Amino acid sequence: FFQKTVTAVKNWFTLFGWSKGQNPISIPRSLRRDVCKVQMSASKEKTFKQNLGKDTVYDMLFHLSGLLLPGITESQSLPRDPVERMLQCHQQHSTLLAFLKSQGAYLPHVLPEFLLEPDDYKKWIEVQTTLKVDVKNSDIFSDKHLFILEDSIFETMSKRSWTDVLLQTYKVFVLPRVSSCNITDQFNLESVQNMPRIESGPLSSNIYSPNERAILTWLNKHYEKNRKTVWKDCQKGEVPPMRWIVNFDRDLLDGLVLAAQLAAYCPYLIPTHFVRMYTNPRTPAELLHNCLILVNAMHAVSLAIDIKV
């Protein structure tokens with residue numbers, strides 16, 4: 001599953017992430033390399049110059065968001081000393097993560113050092129564990145979140161971190177442009193014409209967000225559309241009655257609503273699983289029975305999201 005996710009992310013950003021057309025990327029190698037892509041400058045100081053204006057993750061972010069990262073310019077010089085160079089790359093990664101988080105990205109598990117090249121990561125660990133620093137720089141060298149990873153583990157962590165950075169970039173800069181479908185259009189079926197509506201306005205609820213109310217609408221739609229089909233031949237009761245699903249706890253306890261959602265996409269689970277559910281469960285044992293069937297049905301279609309009965 002993770003490899004399919006990486007492939008999907010790589011393909012999308014290769015095709016649509018760049019202002020100058022397609023730019024093949026690899027996760028994490030080309031992203032790490034391009035962030036710290038250096039060229040020898042012609043200056044007398046013999047410094048390295050970093051080209052951040054072409055085919056870098058910063059170029060990609062500017063293309064997708066129209067925003068420049070604070071303190072990042074198109075051309076920056078990097079110290080020739082490998083430790084100082086590594087520290088500057090680490091600082092730029094910190095800026096990158098802080099920028100994404102300020103836009104709504106969720107990346108608490110990604111540390112700046114996980115985005116470094118492997119050699120730079122080793123230098124980071126060496127600096128963290130051996131150098132004495134003054135109070136002024138103690139926040140940079142804090143060992144509060146120091147993870148010393150073996151080479152293979154670091155490569156896995158780096159791949160996951162870069163993948164999540166791209167996924168969160170997609171979430172905060174691309175998905176908001178997608179307009180949601182009209183909620184009322186989802187109720188064009190004759191069977192749900194008389195159902196109460198879930199108001200979608202941003203001020204219509206002080207409990208659920210508009211997105212959560214869209215999910216409640218989706219739950220109502222599929223339950224009402226499918227309840228007569230799923231349980232017409234039920235072995236443990238009649239067709240369950242119409243209900244108005246308005247919350248995510250009590251209305252989902254008996255497993256019937258979630259089963260109706262799953263049956264909408266996997267109708268072949270109806271004869272093998274859902275016909276054995278209690279349509280009017282009254283005891284904890286009957287509720288447990290229904291939820292066991294629901295979880296088994298999820299496992300049958302490889303929906304492995306670690307839900308416990």
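What pattern does the protein follow when read along the sequence? In this predicted model, the order of elements is α-α-β-β-α-β-α-α-α-α-α-α-α. The secondary structure thus comprises 10 helices and 3 strands. The protein has 309 residues, of which 40% count as buried. Contacts that reach along the chain are also informative here: taking those between residues at least 6 apart in sequence, 61% join residues at least 24 apart.

The N-terminal part of the chain offers a good place to start. Helix α1 covers residues 2–16 and helix α3 covers residues 57–65; their axes come within 11 Å and cross at roughly 75 degrees. An angle from 65 to 115 degrees counts as roughly perpendicular, and α1 is therefore roughly perpendicular to α3. On the α1 side, the contact is made by W12, F13 and F16, while α3 contributes M60, H63 and L64. Sorted by class, this contact of α1 with α3 holds 5 nonpolar residues and 1 polar residue, with no charged residues. Between α1 and α2 (29–35) runs a loop, and P28 is found in it. The peptide bond joining I27 and P28 is cis, with omega at about 10 degrees.

A second helix pair can be described in the same terms. Two packed helices are described by the angle between their axes and by the distance between those axes. For α4 and helix α5 (residues 118–130), the axes come within 10 Å and cross at roughly 100 degrees. These two helices are therefore also roughly perpendicular to each other. From α4, the residues P82, V83, R85, M86, L87 and H90 meet D120, K123, W124 and V127 of α5. The contact of α4 with α5 divides into 6 nonpolar, 1 polar and 3 charged residues.

One residue of this contact deserves a closer look. H90 lies in helix α4, which spans residues 82–102. Is H90 buried or exposed? Its relative accessible area is 9%, and buried means under 20%, so H90 is buried. Setting aside neighbours within four places in sequence, H90 is in contact with P112, E113, L116 and W124. Another residue to view alongside H90 is F114: the two are 24 residues apart in sequence, and their C-alpha atoms are 9.4 Å apart in space.

Further along the chain comes helix α7, made up of residues 210–230. How far should the 21 residues of α7 span at 1.5 Å a residue? The expected value is 30 Å, and the end C-alpha atoms are 29 Å apart, which agrees. Helix α7 nevertheless bends by about 30 degrees at E224. E224 is also one of the buried residues of α7, a list that includes R213, L216, T217, L219, N220, H222, Y223, N226, R227 and V230. The buried residues of this helix pack against α8 (256–265) and α9 (269–272).

Beside E224 in the sequence is K225, which is likewise found in helix α7. K225 has a relative accessible area of 42%. Buried requires under 20% and exposed over 50%, so K225 is partly exposed. Along the chain, K225 and Q261 are 36 residues apart, yet their C-alpha atoms are separated by 9.7 Å.

Key: Residues are numbered from 1 along each chain as its sequence is written. This is a predicted model: local features need pLDDT of at least 70, side-chain atom pairs count only at pLDDT 80 or more; totals for chains, interfaces and linings use all residues. Side-chain values use heavy atoms; hydrogens and water are left out. Axes are lines fitted to C-alpha atoms, for helices over the stretch in contact, and angles run from 0 to 180 degrees between N-to-C directions. Helices (H or I, at least four residues) and strands (E, at least two) are DSSP runs, numbered from the N terminus. Angles under 35 degrees count as roughly parallel, over 145 as roughly antiparallel, 65 to 115 as roughly perpendicular and the rest as oblique. Contact means heavy atoms within 4.5 Å. Ala, Val, Leu, Ile, Met, Phe, Trp, Tyr, Cys and Pro count as nonpolar, Asp, Glu, Lys and Arg as charged, and the others, Gly among them, as polar. The expected span of a helix is 1.5 Å times one less than its number of residues. The bend at a residue is the angle between axes fitted to the seven residues ending there and the seven starting there. Buried means under 20% relative accessible area, exposed over 50%, partly exposed in between (1.4 Å probe, protein chains only).
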